[in-house]
Amino acid sequence: MNILLLGYGKMGKAIEQIALERGHHIAGKIDINNLSELEVLPAESVDVAIEFSAPEAAYANIKLCLEKGWPVVSGTTGWLDFKGEIEGLTSEKGGAFFYASNYSIGVNLFFRLNRTLARLMKNQPYAVSMKEIHHIHKVDAPSGTAITLAEGVRLENSEIQGWSLLPEQKENHVPILAERDGEVPGTHIVTYQSEVDTLEISHTAHSRQGFALGAVVAAEWLRGKQGVFGMDDLLGNTI
Ligand SMILES: NC(=O)C1=CN([C@@H]2O[C@H](COP(=O)(O)OP(=O)(O)OC[C@H]3O[C@@H](n4cnc5c(N)ncnc54)[C@H](OP(=O)(O)O)[C@@H]3O)[C@@H](O)[C@H]2O)C=CC1
Ligand SMILES: O=C(O)C1=N[C@H](C(=O)O)C[C@H](O)C1
């Protein structure tokens, strides 16, 4: 496949390496410095775009891809207030859009574990909280993955109404602590605390390889499809 990389930072580079290993061709590498190349790229030179850029850039990047008729796989976090508009544009254009806050298989297993645990904890005397730890370059907080985890708890427990980013706290919201430390690729911890004990589940990424592989597999899966998709569509009951 001819893959356009939209955003050529830490993730763009990790994705390039895996895409080449899997026999794909890189149709272009776009970042903030050569954005104008995007508009002049011939539509037929790209089979799928993989977009990992920045919160303020994702919406415009994805919109442009959909207007060009390119299927888009996006992993950028921190822009999801506009996701509904992108979903509308996808159906208007008959295009294809795939989004995940985290593309690694391990984290998608963790998402399911988190929901199962939230269901078990629904009527138990435990307070839920979350912590995410990322590298110091990360611009958004809390992480997209932590937001998905909090949303998972909300879906299982009607007492939970959302999340709050510590130090701000809101009643019936999952408090999330966002820590920035060195070059940490991504750690997420879900904690349930009672007066007598603590129960914790965690996921620790050792590198960006898992995120990058998931994004390339999603791009391969998206080819030839129409609509809005996520990891549950890709993984189904295979995990
Ligand atoms: N869903 C998932 O599994 C994962 C998601 N992410 C998310 O992916 C995003 C990127 O992460 P990461 O690669 O680490 O970040 P980086 O900062 O390393 O890379 C971002 C890249 O996007 C470029 N960029 C900035 N603005 C634009 C623009 N307008 N158009 C195109 N490119 C632009 C930057 O260019 P320049 O350097 O010149 O500013 C840079 O090359 C983040 O939102 C992060 O949270 C990260 C890992 C996994
Ligand atoms: O910015 C990152 O690095 C990461 N971002 C994603 C997020 O916000 O959840 C996924 C992963 O944790 C790495």
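Take residues 1-102 to start with: the C-alpha atoms at the two ends of this span lie 22 Å apart, and the span is 38% helix and 22% strand. Helices here are DSSP runs of H or I with at least four residues, strands are runs of E with at least two, and both are numbered from the N terminus. In an unreviewed UniProt entry, residues 1-102 carry the annotation "domain: Dihydrodipicolinate reductase N-terminal". Bear in mind that you're looking at a predicted model, where local features need pLDDT of at least 70 and side-chain atom pairs count only at pLDDT 80 or more, while totals for chains, interfaces and linings use all residues. Residues are numbered from 1 along each chain as its sequence is written, and chains are lettered from A and ligands numbered from 1 in the order in which they are written.

The same unreviewed UniProt entry type gives residues 106-235 the annotation "domain: Dihydrodipicolinate reductase C-terminal". UniProt positions follow the numbering used here, feature names are shortened, and annotations may be inferred rather than shown by experiment. For residues 106-235, the end C-alpha atoms are 12 Å apart, with 37% of the span in helix and 28% in strand.

Now for the domain assignment, which splits the protein chain into domain 1 (2-103 + 209-235) and domain 2 (105-204). Such bounds come from an automatic or database domain assignment. Taken over C-alpha atoms, the centres of domain 1 and domain 2 are 27 Å apart. Where they meet, ten residues of domain 1 are in contact with eleven residues of domain 2; contact means that the C-beta atoms, placed from the backbone, lie within 7 Å. On the domain 1 side, α7 (209-222) and α8 (231-235) each supply at least two of the touching residues. That side has four nonpolar, six polar and no charged residues, where Ala, Val, Leu, Ile, Met, Phe, Trp, Tyr, Cys and Pro count as nonpolar, Asp, Glu, Lys and Arg as charged, and the others, Gly among them, as polar.

Next, the ligands. Around ligand 1 there are 26 residues, of which Gly7, Gly9, Met11, Ala57 and Gly75 come nearest. To be counted as near, a residue needs its C-beta atom, placed from the backbone, within 6 Å. Helix α1 (residues 10-21) gives the most to this shell, with three residues. By class, the ligand 1 shell has twelve nonpolar, twelve polar and two charged residues.

Ligand 2 has Thr77, Ser101, Asn102, His134, Lys138, Ser143, Gly144, Thr145 and Gly186 around it. In this shell there are no nonpolar residues, eight polar ones and one charged. Domain 1 and domain 2 each provide at least three residues of the ligand 2 shell.

Let's turn to a pair of helices. Helix α3 (residues 58-68) packs with helix α4 (residues 83-93) at an angle of about 5°, their axes 10 Å apart. The axes are lines fitted to C-alpha atoms over the stretch in contact, and angles run from 0 to 180 degrees between N-to-C directions. The two helices are therefore roughly parallel to each other, a label for angles under 35 degrees. Tyr59, Ile62, Lys63 and Leu66 in α3 meet Ile86, Leu89, Thr90 and Lys93 in α4. Five of these contact residues are nonpolar, one is polar and two are charged.

A few backbone details round things off. The peptide bond joining Ala141 and Pro142 is cis, with omega about -5°, and Pro142 sits in the loop between β6 (127-134) and α6 (144-156). Another cis bond runs from Leu166 to Pro167, with omega near 15°. Pro167 belongs to the loop between β7 (162-165) and β8 (173-180). Asn172 also lies in the loop between β7 and β8, and has a positive phi of about 60° although it is not a glycine.

Key. Parallel < 35°, antiparallel > 145°, perpendicular 65-115°, else oblique. Contact = placed C-beta atoms within 7 Å.
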